[in-house]
Amino acid sequence: MSVATRGLFYELFYAVGVLCLIILSFCRAKDYNTRRIRAVIYALYTFLAGYFGARLIGVVFTLICYFTGISASVSVDVIGAVIFTAPLLLAAVYLEKAVMRRRAVKTTPKRNGVQPEEISFRNTMDLMIPGAFLVFACIKIGCCFRGCCFGVECDWGFEAQYLGLPRPTLFPVQAFESICIFIIAIASIFVQRAPFYRRGMSGPLAAFSYGAVRFFWEFFRWYPPELQRFFLGMTLWQAFCVLILIVAGIWIAILVKNQPCEPLPKQKATVSNTSAAKKKTAKNVKIT
């Protein structure tokens with residue numbers, strides 16, 4: 001496969017990931033009592049925020065290597081998306097609230113039985129995070145085709161003749177990372193229905209899971225000797241993973257301590273109960 005073809009597949013999986021994010025956000029919008037158009041806009045914003053974060057962490061990585069005398073650079077990395085997506089979402093939601101206040105558009109009482117839309121950072125993040133991790137997983141599939149983020153030399157795995165390494169194959173670390181991120185994305189949806197769930201927990205739970213997964217798979221990624229033990233025997237990305245684990249762990253602990261359990265789906269449960277009550281009433285009327 002030529003370099004151009006590999007690059008084309010890489011870009012294609014970006015598009016697939018964004019499409020998954022949009023569709024998932026569109027379908028789950030009602031769970032958060034938000035308009036579908038708002039969900040789609042935030043889906044696009046979430047992708048752009050993640051891409052910006054991935055680019056930004058690449059700059060940080062390159063600068064750290066430069067100032068420590070290591071000749072290495074990175075353009076993008078998923079770790080940056082995991083770190084910066086949540087704060088950028090927070091900024092967008094607070095900007096949206098400020099605009100609404102300025103227009104004197106505030107939450108109104110129910111009209112005709114329709115629940116007014118709630119602008120909430122925690123709800124918005126719960127809506128966006130599973131789809132965002134689907135994007136990350138798709139991008140990792142693209143990495144398999146592009147050949148970046150490659151694994152250590154191995155007797156089996158992806159072909160690597162184009163890298164000029166002694167062995168012709170490399171451990172398929174990108175594929176294993178992609179599978180793990182897919183699992184995190186799906187788990188982020190189902191955990192929201194768990195009895196212990198607090199609103200806004202999707203972000204830190206997914207970030208914590210990714211930090212642990214990425215820390216593990218870093219042992220199987222190829223690095224030049226000077227980057228294999230960058231800090232306390234860890235790679236630089238593993239050091240970032242430790243930071244993610246600490247911040248996400250504290251975030252989860254704060255939510256557990258200060259917020260009530262609010263599992264989904266609240267509205268569906270209410271509708272179901274109402275329907276059951278109506279059926280019961282109708283039955284009683286017939287008997288009477």
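**Figure 1. Contact between helix 2 and helix 3 in the predicted model.** Helix 2 contributes Arg38, Tyr42, Tyr45, Thr46, Ala49, Gly50, Phe52, Gly53, Ala54, Leu56 and Ile57. On the side of helix 3, the residues that meet them are Ile79, Gly80, Ala81, Ile83, Phe84, Thr85, Leu88, Leu89, Ala92, Val93 and Glu96. Sorted by class, the contact of helix 2 with helix 3 holds 15 nonpolar, 5 polar and 2 charged residues.

**Figure 2. Geometry of the crossing of helix 2 and helix 3.** Helix 2 spans residues 36-67 and helix 3 spans residues 78-102. Their axes come within 7 Å and cross at roughly 135°. Helix 2 is therefore oblique to helix 3, since an angle counts as roughly antiparallel only over 145 degrees. The crossing of these two helices is right-handed.

**Figure 3. Packing of helix 6 against helix 8.** The axes of helix 6 and helix 8 are 8 Å apart, and the packing angle is about 150°. The two helices are therefore roughly antiparallel to each other, and the crossing of helix 6 and helix 8 is left-handed. From helix 6, the contact is made by Pro204, Leu205, Ala207, Phe208, Gly211, Ala212, Arg214 and Phe215. From helix 8, it is made by Trp237, Gln238, Cys241, Val242, Ile244, Leu245, Ala248, Gly249, Trp251, Ile252 and Leu255. The residues of the contact of helix 6 with helix 8 comprise 15 nonpolar, 3 polar and 1 charged.

**Figure 4. Packing of helix 4 against helix 6.** Helix 4 and helix 6 pack with their axes 8 Å apart, at an angle of about 25°. Helix 4 and helix 6 are therefore roughly parallel to each other, as the angle falls under the 35 degrees used for that class. Met125, Asp126, Ile129 and Phe133 are the residues from helix 4. They meet Ser202, Gly203, Pro204, Ala206, Ala207 and Tyr210 in helix 6. By class, the residues of the contact of helix 4 with helix 6 are 7 nonpolar, 2 polar and 1 charged. Pro204 and Ala207 of helix 6 also take part in the contact with helix 8.

**Figure 5. Surroundings of Met201 in the loop between helix 5 and helix 6.** The loop runs between helix 5 (173-190) and helix 6 (202-217). Met201 has a relative accessible area of 2% and is therefore buried. Leaving aside residues up to four places away in sequence, Met201 touches Asp126, Phe196, Leu255 and Val256. Of these contacts, Asp126 also belongs to the helix 4 side of the contact with helix 6, and Leu255 to the helix 8 side of the contact with helix 6. Met201 and Val191 are 10 residues apart in sequence, with their C-alpha atoms 9.2 Å apart in space.

**Figure 6. Surroundings of Gly151 in the loop between helix 4 and strand 1.** Gly151 has 0% relative accessibility and so counts as buried. Not counting residues up to four places away in sequence, Gly151 touches Leu170, Phe171, Val173, Phe220, Arg221 and Trp222. Gly151 and Phe219 are 68 residues apart in sequence, and the C-alpha to C-alpha distance between them is 8.9 Å.

**Figure 7. Positive phi at Cys149 and Leu232.** Most residues other than glycine have a negative phi. Cys149 is not a glycine, and its phi is positive, near 55°. Cys149 is found in the loop between helix 4 (121-146) and strand 1 (153-159), and Gly151 of Figure 6 lies in that loop as well. Leu232, likewise not a glycine, has a positive phi of about 50°. Leu232 lies in the loop between helix 7 (225-228) and helix 8 (236-258). Its relative accessible area is 72%, so Leu232 is exposed.

**Figure 8. The chain from which the views are taken.** The protein chain has 9 helices and 2 strands, in the order α-α-α-α-β-β-α-α-α-α-α along the sequence. Of its 288 residues, 42% are buried. Among contacts with a separation of 6 or more, 72% link residues 24 or more positions apart. The chain exposes about 15800 Å², of which carbon and sulfur atoms supply 68%.

Technical notes. Residues numbered from 1 in each chain as written. Predicted model: local features only at pLDDT ≥ 70, side-chain atom pairs only at ≥ 80, totals over all residues. Heavy atoms only, no water. Helix = DSSP H or I, 4+ residues; strand = E, 2+ residues; numbered from the N terminus. Buried < 20%, exposed > 50% of the residue type's maximum accessible area, 1.4 Å probe, protein only. Contact = heavy atoms within 4.5 Å. Areas by Shrake-Rupley, 256 points an atom, 1.4 Å probe, with all protein chains shown as cover. Axes fitted to C-alpha atoms, helices over the stretch in contact; angles between N-to-C directions. Parallel < 35°, antiparallel > 145°, perpendicular 65-115°, else oblique. Left-handed = near helix turned anticlockwise from the far one by under 90°. Nonpolar A, V, L, I, M, F, W, Y, C, P; charged D, E, K, R; others polar.
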